[in-house]
Amino acid sequence: MEPFTTHTGTAIPLRRSNVDTDQIIPAHWLKKVTKTGFEDGLFEAWRKDPGFVFNEPARQGASVLVAGPDFGTGSSREHAVWALQNYGFKTVISSRFADIFRGNSLKGGLLTVVLPQETVDRLWALTEADPAVEITVDLVERQVRAGSGDAAVTADFEIDDYTRWRLLEGLDDIGLTLRHEADVTAFEQTRPAWLPRTQTV
Amino acid sequence: MGRTLAEKVWDAHVVRRAEGEPDLLYIDLHLLHEVTSPQAFDGLRQAGRPVRRTDLTIATEDHNTPTLDIDKPIADPVSRVQLETLRRNAAEFGVRIHSLGDVEQGVVHVVGPQLGLTQPGMTVVCGDSHTSTHGAFGALAFGIGTSQVEHVLATQTLPMAPFKTMAVTVNGELPAGVTAKDLILAVIAKIGTGGGQGYVIEYRGEAVRNLSMEGRMTVCNMSIEAGARAGMIAPDQTTFAYLKGRDHAPEGADWDSAVEYWTSLRTDDDAVFDHEVVIEASELTPFVTWGTNPGQGAPLSASVPDPASYGDPSERSAAEKALEYMGLTAGQPLRDIKVDTVFIGSCTNGRMEDLRAVADILRGRKIADGVRMLVVPGSVRVSLEAVSEGLDKVFTEAGAEWRYAGCSMCLGMNPDQLAPGERSASTSNRNFEGRQGKGGRTHLVSPQVAAATAVLGHLAAPSDLTDVPVPAGV
Ligand code: SF4
């Protein structure tokens, strides 16, 4: 996983609540057996509408998604995270994320940032007024910054120390757990013998 | 202070606890299917890691499998590759697999419980959000993403952030004709699709205690539709009776030790939940959804709501968008909504009790002209049992199609899909835009409502059927 320290880029405002993972990446894309090549499936149905914000020429190359509340509900498909990353997003901002989606994103290095809806509204207003406005998501300082003058937004966000450290270092979770393999083996000795097994090995 | 059921199960699985880090939890059962596992096995291969506990891992094929012509090669080459990839990975890593054509094949959340692999007090995970189904046994069961699938394959553990606890207590008895599905749809409409975020919900109260294991699975299955991490019901005699004698249930002295432990798995009287919701069962009625998320539901006797009646602007705009997509107008009675398709199946309502309930309504009746009805058992075992009771005949004589087991039209990854603009009454769990096929419109309903709807051609409850069914054999 690539380390995430701070990222600056232009944004796409997605003014919809309850965006479920079936919209982020429709089921027929889930047949792929790789982690790449999902960019064309991202919001596939909505992108057919020429008026959809993703189709505005000024939004091309954006890397920050500013989404409505309850982003990523529904299916646990991690393909939703891959699709956002394949498309070029480094970070998603919303006032509320669905749990599994948020877990998947932070595992995979897509930084999901929770800000109050009122701050999200101000970011929407900024980028809608000028698509060239850049948003900085600074994981070191746990802060989002955008715009200048009266409309400028500076907002601190919360993320737990452990997740932040993992993202800053770009550490793989499995490698971290395997450092404690002796604990796992010790735990296994204590499991009751009657617990089910799927096969004898 | 006492602990809740969820906290007891969690505490019993902590492998490692360290200040400032998530708890490392041991996983007792890992279920796999073809959609969310290929990239995980690939990761293992690249890192040269084995599957740590093949004896706690099991795979089944369900999402892509066809429900017709299962003896012929799968027509869609991409679906075929995904199934073949799972078979190859299972063989290479030594994982038990139940492939298409196998008697134990079926939807992953139907297969685990019927094999007796899902037991009280266990931790169960699967790369699938409806893993919450297994909570019906008093297991802590949650859906995970593909990176976590790889993590569990490699280590049999997961680092997990702490959760909050919610009690949903349903007092009293469910009125006749009101099912587990109606109960959970009403819960979701009450707390909202995000209301359960960060919580493990424990369902309690007389109405929950009186549910069968199958009904409990229906309730826990849809916990994720309220945004919850997991749903749970404390194990009791109903649970033990269901498990006794199943393939992987403990036997003899082991059974006694297991029951003794299982009996301790209940929320202590002095335990405190972070949030409590109370529902009176007597107020529940058959429930249907009118919108494009499972929280957009209402009693069948109600009308399509007016978006203007929502105070919250984001809910209002969500309702406007939903009505547009669903092709509905505010104020239209829900009973007037005509459907072209009825789908019976899925891990929510694809078990024996569901099929029996549908058959009881269809027996001696015909489905309405122009309605297509698919009955898809949740597993091959369910299918065989239904055939042994003659239910398949009841379905086909009524004009429905009796299919092979799988996820089918629950998400339309196989050929069973809605065409654009088609409308279904579906016993599945998600009414998202395009979920059952591009442009398809879904109303989530109970099996009983689905069956009555098939007969009348519009959303309806069994009590709307005023005809007298022709007795069998006449
Ligand atoms: S039946 Fe539907 S919800 Fe259940 S596992 Fe299959 S696709 Fe998912």
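**Entry 1: B:Thr155 and its surroundings**

I began with B:Thr155 and set aside its neighbours within four places in sequence, which left contacts with A:Ile174, A:Thr177, A:Leu178, A:Val184 and B:Arg52. I note for all that follows that I am reading a predicted model. I then looked up where B:Thr155 sits, and found its place in helix H5 of chain B. Is B:Thr155 buried or exposed? B:Thr155 counts as buried because its relative accessibility is 2%, and the cut-off for buried is under 20%.

I also looked for polar partners of this side chain. A polar atom of the B:Thr155 side chain lies 2.7 Å from the backbone oxygen of B:His151, and the side chain of B:Thr155 makes a polar contact with the side chain of B:Thr157 at 2.8 Å.

**Entry 2: where chain B meets chain A**

Since B:Thr155 touches residues of chain A, A:Ile174 among them, I turned to the two chains as a pair. I found 77 residues of chain B in contact with 57 residues of chain A. The area buried between chain B and chain A is about 5,400 Å², and carbon and sulfur atoms give 55% of it.

I next looked up the polar side of this meeting, and between chain B and chain A the count is 36 residue pairs in polar contact, both residues being at pLDDT 80 or more. Which helix of chain B gives the most to the side that touches chain A? I found that helix H5, residues 146–155, gives the most, with 7 residues. When I sorted the residues on that side of chain B by class, they divided into 28 nonpolar, 31 polar and 18 charged.

**Entry 3: salt bridges between the chains**

How many salt bridges are there between chain B and chain A? The count is 10, and a search of the whole structure over all chains finds 41. As one example between the chains I noted B:Arg229 and A:Asp99, whose side chains meet in a salt bridge at 3.8 Å, N to O. I also wrote down a network of salt bridges that links A:Glu181, A:Glu188, A:Arg197, B:Arg52, B:Arg53 and B:Asp55; B:Arg52 had already appeared in my first entry, as a contact of B:Thr155.

**Entry 4: salt bridges within chain B**

I looked at B:Asp42 and B:Arg45, which form a salt bridge with their closest N and O atoms 2.9 Å apart. The two residues are separated by about one helical turn because they are 3 residues apart in helix H2 (residues 38–47) of chain B. B:Asp42 counts as partly exposed at 31% relative accessibility, and B:Arg45 is partly exposed at 35%.

I then compared B:Arg216 and B:Asp236, a salt bridge whose closest N and O atoms are 2.9 Å apart. This pair links distant parts of the chain, 20 residues apart, with B:Arg216 in helix H8 (residues 213–221) and B:Asp236 in the loop between strand S11 (230–232) and helix H9 (237–243) of chain B. Are B:Arg216 and B:Asp236 buried or exposed? I found both B:Arg216 and B:Asp236 to be buried.

**Entry 5: the ligand**

Last, I looked up what lies around the ligand. The residues that surround the ligand include B:His63, B:His109, B:Asp128, B:His130, B:Cys347, B:Cys407, B:Cys410 and B:Arg435. By class, I found 5 nonpolar, 5 polar and 2 charged residues in the shell around the ligand.

Methods:
Residues are numbered from 1 along each chain as its sequence is written. Chains are lettered from A and ligands numbered from 1 in the order in which they are written. This is a predicted model: local features need pLDDT of at least 70, side-chain atom pairs count only at pLDDT 80 or more; totals for chains, interfaces and linings use all residues. Side-chain values use heavy atoms; hydrogens and water are left out. Contact means heavy atoms within 4.5 Å. Buried area is the accessible area (1.4 Å probe) that two parts lose on being put together, summed over both. A salt bridge is a side-chain nitrogen of Lys or Arg within 4 Å of a carboxyl oxygen of Asp or Glu. A polar contact is a pair of N or O atoms within 3.5 Å; within protein, one must be able to donate a hydrogen and the other to accept it, and residues adjacent in sequence count only if both atoms are side-chain atoms. Helices (H or I, at least four residues) and strands (E, at least two) are DSSP runs, numbered from the N terminus. Ala, Val, Leu, Ile, Met, Phe, Trp, Tyr, Cys and Pro count as nonpolar, Asp, Glu, Lys and Arg as charged, and the others, Gly among them, as polar. A residue is near a molecule or strand if one of its heavy atoms lies within 4 Å of it. Buried means under 20% relative accessible area, exposed over 50%, partly exposed in between (1.4 Å probe, protein chains only).
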